[in-house]
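Reader: I have a structure open in front of me and would like to learn how to read it. Could you walk me through it?

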Amino acid sequence: MRGYFALGAEGISKAGNVGTIMRTGHAFGASFIFTVNGVVNMSELRVTDTSGGIDHVPFYGWQSVADMALPAGCQLVGCELTDDASELPSFRHPLRAAYVFGPERGSLSQGMLERCDHVVKIPTKFCVNVSVAAAIVTYDRMISLGRFAERPVRVGGPREAMPDHVHGRVRVRNKESLRMRPLLGGWNE
């Protein structure tokens, strides 16, 4: 999958949900997992994070929206059932994104919504569990930014393999650089 992503939740209180988000993020290759104003018991988190993601994926626990320190260029995407949110199947995922979900039995705070660059909603009749929502959004990101064969017109899987990736020509930006000599004809020039 191209780019990077992170998964997080605001105001979350159940370690089981954070553990499941951690496991989902670990499985799909998240760069980090985070909470904002969350109450998380790390030993309880390990019970549901059976992949050991806490040992492989960085975890950040920020106290408030103001404390959040996302990487430069990372866009914050809130997942919330609001009238003006974009529907997930029609949303173009940013290449560098951190997805934030609301707490159990609650919504993202107004401060968090204001901080978000985008707000998306999963087109369901009612809210799903926060860890399920994280998995759905992550899967949607993977199928839209990953490298997969086109879906066939008929029922079933693809009948042809994906063509091999073809690299473009080498670009030399600085012809004076010593590192570029082998690409430009050797060391004798």
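Author: Let us go from the overall layout to the sheet, the helices and then the cores. Keep in mind that this is a predicted model.

Reader: Happy to. How many helices and strands are there, and what pattern do they follow along the sequence?

Author: A good habit is to list the elements before looking at how they pack. Here the protein has four helices and seven strands. From start to end, the pattern reads β-α-β-α-β-β-β-β-α-β-α.

Reader: In what order do the strands sit in the sheet?

Author: Order in a sheet is read across it, from neighbour to neighbour. In this case the seven strands form an open sheet, β3-β2-β1-β6-β4-β7-β5, with parallel pairing. At the edges are β3 (59-62) and β5 (86-87), each of which pairs on one side only.

Reader: Which residues can I use to find the pairings by eye?

Author: Pick a pair of facing residues for each. Strand β1 (residues 4-10) runs parallel to β6 (residues 96-101), joined by six bridges, and Gly8 faces Val100 of β6. Three bridges link β4 to β7 (residues 118-121), also parallel; look there for Gly78 with its bridge partner Val119 in β7. Finally, β5 and β7 run parallel with two bridges between them, and Glu87 stands opposite Lys121 in β7.

Reader: Where do helices α1 and α4 lie on the sheet?

Author: Ask which strands a helix touches, then compare directions. Helix α1 (residues 15-28) lies across β1, β2 (32-36) and β3, and runs at about 175° to β1. Helix α4 (residues 130-145) packs on the sheet and touches β1, β4 (75-79) and β6, making an angle of about 160° with the direction of β6.

Reader: And what should I look for in the interior?

Author: In soluble globular proteins, nonpolar side chains tend to be buried together. The largest nonpolar core here has 25 residues, and those touching the most other members are Leu7, Ile21, Ile33, Tyr99, Phe101 and Val137. Two or more residues each come from β1, α1, β4, β6 and α4, with α4 giving the largest share, four residues.

Reader: Which residues does Val137 touch, leaving out those up to four places away in sequence?

Author: Val137 touches Cys79, Leu88, His93, Tyr99, Phe101 and Ile122. Apart from this core lies another, of 17 residues, including Phe32, Leu76, Val100 and Leu108.

Reader: How much of the protein is buried overall?

Author: Buried residues account for 37% of its 189 residues.

Note on methods:
Residues numbered from 1 in each chain as written. Predicted model: local features only at pLDDT ≥ 70, side-chain atom pairs only at ≥ 80, totals over all residues. Heavy atoms only, no water. Pairing = 2+ DSSP bridges. Contact = heavy atoms within 4.5 Å. Axes fitted to C-alpha atoms, helices over the stretch in contact; angles between N-to-C directions. Core = buried A, V, L, I, M, F, W, Y, C linked by side-chain atoms within 4.5 Å. Buried < 20%, exposed > 50% of the residue type's maximum accessible area, 1.4 Å probe, protein only.
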